[in-house]
Amino acid sequence: TGISVAALLAAPVGRWLPGAIAPVLLVLGLGKAAQALGGSGQGSAVDLDWATAYLPPGPWGSPGAEIPAHPSQLYEAAIAGLVLVVVILLARLTPLRRADGRLYAVGIGLWALGRGFVASTWRDPAVLGSLSAEQVICVAAAAIMLGAAVEATLGRLRAPGLPNPA
């Protein structure tokens, strides 16, 4: 939505993306953590000490919520938090902090990779080899976003007159 508004206002989108990635990751992580309160987003059944089960029977968001299962929603919240820390470090320590959208692309790409990893704990069936549909989408999204960040970096290296990002 922000990109659409910036485009309508003819504002340079890249200028705003480095400031947008931290709130996006924070909201994704908090939203996933909030799912735990409603019993939504449980993964496949598992016998682990940290498995979640919701009792008594109530209007929980996951079917079979009383069966101990992976707390996938909490895994995703942790992944979003971890990627947020990485993005903050990259913003402070690398040229990705420049207002060109690369930091945003890296953040979303890393988050998509993490979500794809967490999707291995879900109840979804495999559609491509051992990957679920969500994992296939996450791998594609990560490849697009990280590829865009790499291409933007290489473009800066090739373009005369632009400061070297290194």
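This is a walk through the structure shown above, from its overall layout to a few of its contacts.

The model is a predicted one, and a good place to begin is the whole chain. Its 166 residues include 34% that count as buried. Measured out along the principal axes, the C-alpha atoms occupy a box of roughly 65 × 35 × 30 Å. The chain has five helices and two strands. If you follow the sequence from its start, these elements come in the order α-α-α-α-β-β-α.

Let us start at the beginning of the chain. Helix α1 covers residues 2-8, and V5 is part of it. Together with L8 and L9, V5 makes a nonpolar patch on the surface, with an area of about 350 Å². V5 has a relative accessibility of 42%, so this residue counts as partly exposed.

Next comes helix α2, which runs through residues 13-38. This helix has 26 residues, and the distance from its first C-alpha to its last is 36 Å. That is close to the 38 Å expected at 1.5 Å a residue. Even so, α2 has a kink of about 40 degrees at G19, shortly before the proline P23. Which residues of α2 are buried? They are G14, L17, P18, I21, L25, G29, K32 and A36. When you look at their spacing, it helps to remember a general point about helices. An α-helix has 3.6 residues a turn, so residues three or four places apart point the same way. After α2 the chain reaches G39, which has a positive phi, near 70 degrees. As background, most residues other than glycine have a negative phi.

The loop between α2 and α3 is the next stop, and P56 is found there. The peptide bond that joins L55 and P56 is cis, with omega at about -10 degrees. For context, most peptide bonds are trans.

The structure also holds one aromatic pair. The ring centres of Y54 and W60 are 5.1 Å apart and the ring planes meet at 40 degrees, so this pair is described as tilted. How do the two partners differ in their cover? Y54 counts as buried because its relative accessibility is 11%, while W60, with a relative accessible area of 30%, is partly exposed.

Now for the charged contacts. In general, side chains of opposite charge can pair when their charged atoms come close. Here the structure holds four salt bridges. One of them is between K32 and E76, where the closest N and O atoms are 3.7 Å apart. K32 belongs to helix α2 and E76 to helix α3 (residues 72-93), so this pair ties together parts that lie 44 residues apart in sequence. K32 and E76 are both buried, and K32 has already appeared among the buried residues of α2.

Another salt bridge joins R102 and D100, with 2.7 Å between the closest N and O atoms. R102 is buried, at a relative accessible area of 2%, whereas D100 is partly exposed at 26%.

E134 and R115 form a salt bridge too, and its closest N and O atoms are 2.7 Å apart. E134 sits in helix α5 (residues 133-158) and R115 in helix α4 (residues 102-118), so this pair ties together parts that are 19 residues apart in sequence. E134 is buried, with a relative accessible area of 18%, and R115 is buried as well, at 16%. There is a link back to the earlier pair here: salt bridges with shared partners join K32, E76, R115 and E134 into one network.

One last place to look is V83, which lies in helix α3. Its relative accessibility is 7%, so V83 counts as buried. How far apart are V83 and G107, in sequence and in space? They are separated by 24 residues in sequence, and their C-alpha atoms are 6.6 Å apart.

Definitions and conventions. Residues are numbered from 1 along each chain as its sequence is written. This is a predicted model: local features need pLDDT of at least 70, side-chain atom pairs count only at pLDDT 80 or more; totals for chains, interfaces and linings use all residues. Side-chain values use heavy atoms; hydrogens and water are left out. Patches are made of residues with over 30% relative accessible area and no salt bridge: like charges are joined within 9 Å, nonpolar side chains (Val, Leu, Ile, Met, Phe, Trp, Tyr) within 5 Å. Accessible areas come from the Shrake-Rupley method with a 1.4 Å probe; for residues, only the protein chains shown count as cover. A salt bridge is a side-chain nitrogen of Lys or Arg within 4 Å of a carboxyl oxygen of Asp or Glu. Helices (H or I, at least four residues) and strands (E, at least two) are DSSP runs, numbered from the N terminus. Buried means under 20% relative accessible area, exposed over 50%, partly exposed in between (1.4 Å probe, protein chains only). The expected span of a helix is 1.5 Å times one less than its number of residues. The bend at a residue is the angle between axes fitted to the seven residues ending there and the seven starting there. Rings of Phe, Tyr and Trp (its six-membered ring) pair if their centres lie within 6.5 Å; planes under 30 degrees apart count as stacked, over 60 as edge-to-face and the rest as tilted.
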